[in-house]
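Here is a walk through one model, helix by helix and with a few single residues along the way. Keep the structure open and follow along.

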Amino acid sequence: MTNALADWRSGFPSAVACALLGAGAAWALTGEILAAGFLAGTMGAIAVEDLRRMRVPDAWNLPAAIGGFAAVAWEARAMGVAPLAALGHAALSLIVCGGVFYLLREIFFRWRGAEGLGLGDVKLAATGGVWLGWENFPAVVTLAALSAIAWVAAISLAHKGWPRERKIPFGAFLAPAIWVCWIYARAGLG
């Protein structure tokens, strides 16, 4: 419990800043201010922690997943859809998105003998599935991958190369991509 509390405290200022930014954007784009602010706060804290320590903390990921189920149920009820069906779809999406990332993790490990994706990234993908559904998750992965590639390219140019053993904090790109794609979908653009 001590690690979870330390994770929460270390990411709290970032989470508050991201939540305020998310709430402002949500107010401008949609009426779903609480869900957008909550998702922005948790995804922002995850991104900051992954950049700092190369790990996606469960202390932020688990509440994000639970909040995702709550948001799905609330949205279903507001749209006149059976919440149980929407929650079932969210659970299926959690399994599909997390399962695909876990499969990629295992394939890479067996092929290269090194960890390519951490379990935190797998759990974050599962959380993203809850919020967005498995059908929308490829857009998240594409945005995260392109952002990570741009980051690696910028650092490589600035430092004249990228050491082979250097790791990429993929969760730092995946978490914001989840929020951006969720806002995009809620704004009626996706």
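Before looking at how helices pack, one term is worth pinning down: a crossing is left-handed if the near helix is turned anticlockwise from the far one by less than a right angle, and right-handed if clockwise. Keep in mind, too, that this is a predicted model.

**The overall picture**

What does the secondary structure of the chain come to? The count is seven helices and zero strands, so to speak an α-α-α-α-α-α-α run from the N terminus on. The chain has 190 residues, and 42% of them count as buried. If you take the contacts with a separation of 6 or more, 68% are made by residues 24 or more positions apart.

**α2 against α3**

Start with the pair formed by α2 (residues 33-53) and α3 (residues 58-79), whose axes come within 9 Å and cross at roughly 160 degrees. Anything over 145 degrees counts as roughly antiparallel, and that makes α2 roughly antiparallel to α3. The crossing of these two, α2 and α3, is left-handed.

Which residues do the touching? On the α2 side they are A35, F38, T42, M43, A45 and I46, and they meet W60, N61, P63, A64, G67 and A71 on the α3 side. Sorted by class, the contact of α2 with α3 has nine nonpolar residues, three polar ones and no charged ones.

The spacing along a helix is handy to remember here. An α-helix has 3.6 residues a turn, so residues three or four places apart point the same way.

Both helices have spans close to what is expected at 1.5 Å a residue. In α2, 21 residues reach 30 Å from the first C-alpha to the last, close to the expected 30 Å. In α3, 22 residues reach 31 Å, close to the expected 32 Å.

As for burial, α3 has a list of its own: A59, W60, N61, A64, A65, G67, G68, A71, V72, A73 and A76 are its buried residues. After α3 comes G80, with a positive phi near 80 degrees.

**Two residues with a positive phi**

Most residues other than glycine have a negative phi, and most peptide bonds are trans. With that in mind, have a look at M54 and K160.

| Residue | Phi | Place |
|---|---|---|
| M54 | about 60 degrees | loop between α2 and α3 |
| K160 | near 55 degrees | loop between α6 (137-159) and α7 (171-186) |

M54 sits just after α2, and its phi is positive although M54 is not a glycine. Is M54 buried, exposed or partly exposed? Its relative accessibility is 38%, so M54 counts as partly exposed. K160 is also a residue other than glycine with a positive phi. At 78% relative accessibility, K160 counts as exposed.

**α4 against α5**

Now move on to α4 (residues 83-112) and α5 (residues 119-132). Their axes come within 7 Å and cross at roughly 155 degrees. α4 and α5 are therefore roughly antiparallel to each other, and their crossing is right-handed.

From α4, the contact is made by A90, S93, L94, C97, G98, F101, Y102 and R105, and from α5 by L119, D121, V122, A125, A126, G129 and V130. By class, the contact of α4 with α5 divides into 10 nonpolar, three polar and two charged residues.

**Two residues of α4: C97 and I95**

Is C97, a residue of helix α4, buried or exposed? Its relative accessibility is 4%, so C97 counts as buried. Leaving aside neighbours within four places in sequence, C97 is in contact with A125, A126, G129, W134 and F137. Take F137 from that list: C97 and F137 are 40 residues apart in sequence, and 7.4 Å apart in space from C-alpha to C-alpha.

I95 lies in helix α4 as well. With a relative accessible area of 57%, I95 is exposed. Its C-alpha is 9.0 Å from that of W134, and I95 and W134 are 39 residues apart in sequence.

Technical notes
Residues are numbered from 1 along each chain as its sequence is written. This is a predicted model: local features need pLDDT of at least 70, side-chain atom pairs count only at pLDDT 80 or more; totals for chains, interfaces and linings use all residues. Side-chain values use heavy atoms; hydrogens and water are left out. Axes are lines fitted to C-alpha atoms, for helices over the stretch in contact, and angles run from 0 to 180 degrees between N-to-C directions. Helices (H or I, at least four residues) and strands (E, at least two) are DSSP runs, numbered from the N terminus. Angles under 35 degrees count as roughly parallel, over 145 as roughly antiparallel, 65 to 115 as roughly perpendicular and the rest as oblique. Contact means heavy atoms within 4.5 Å. Ala, Val, Leu, Ile, Met, Phe, Trp, Tyr, Cys and Pro count as nonpolar, Asp, Glu, Lys and Arg as charged, and the others, Gly among them, as polar. The expected span of a helix is 1.5 Å times one less than its number of residues. Buried means under 20% relative accessible area, exposed over 50%, partly exposed in between (1.4 Å probe, protein chains only).
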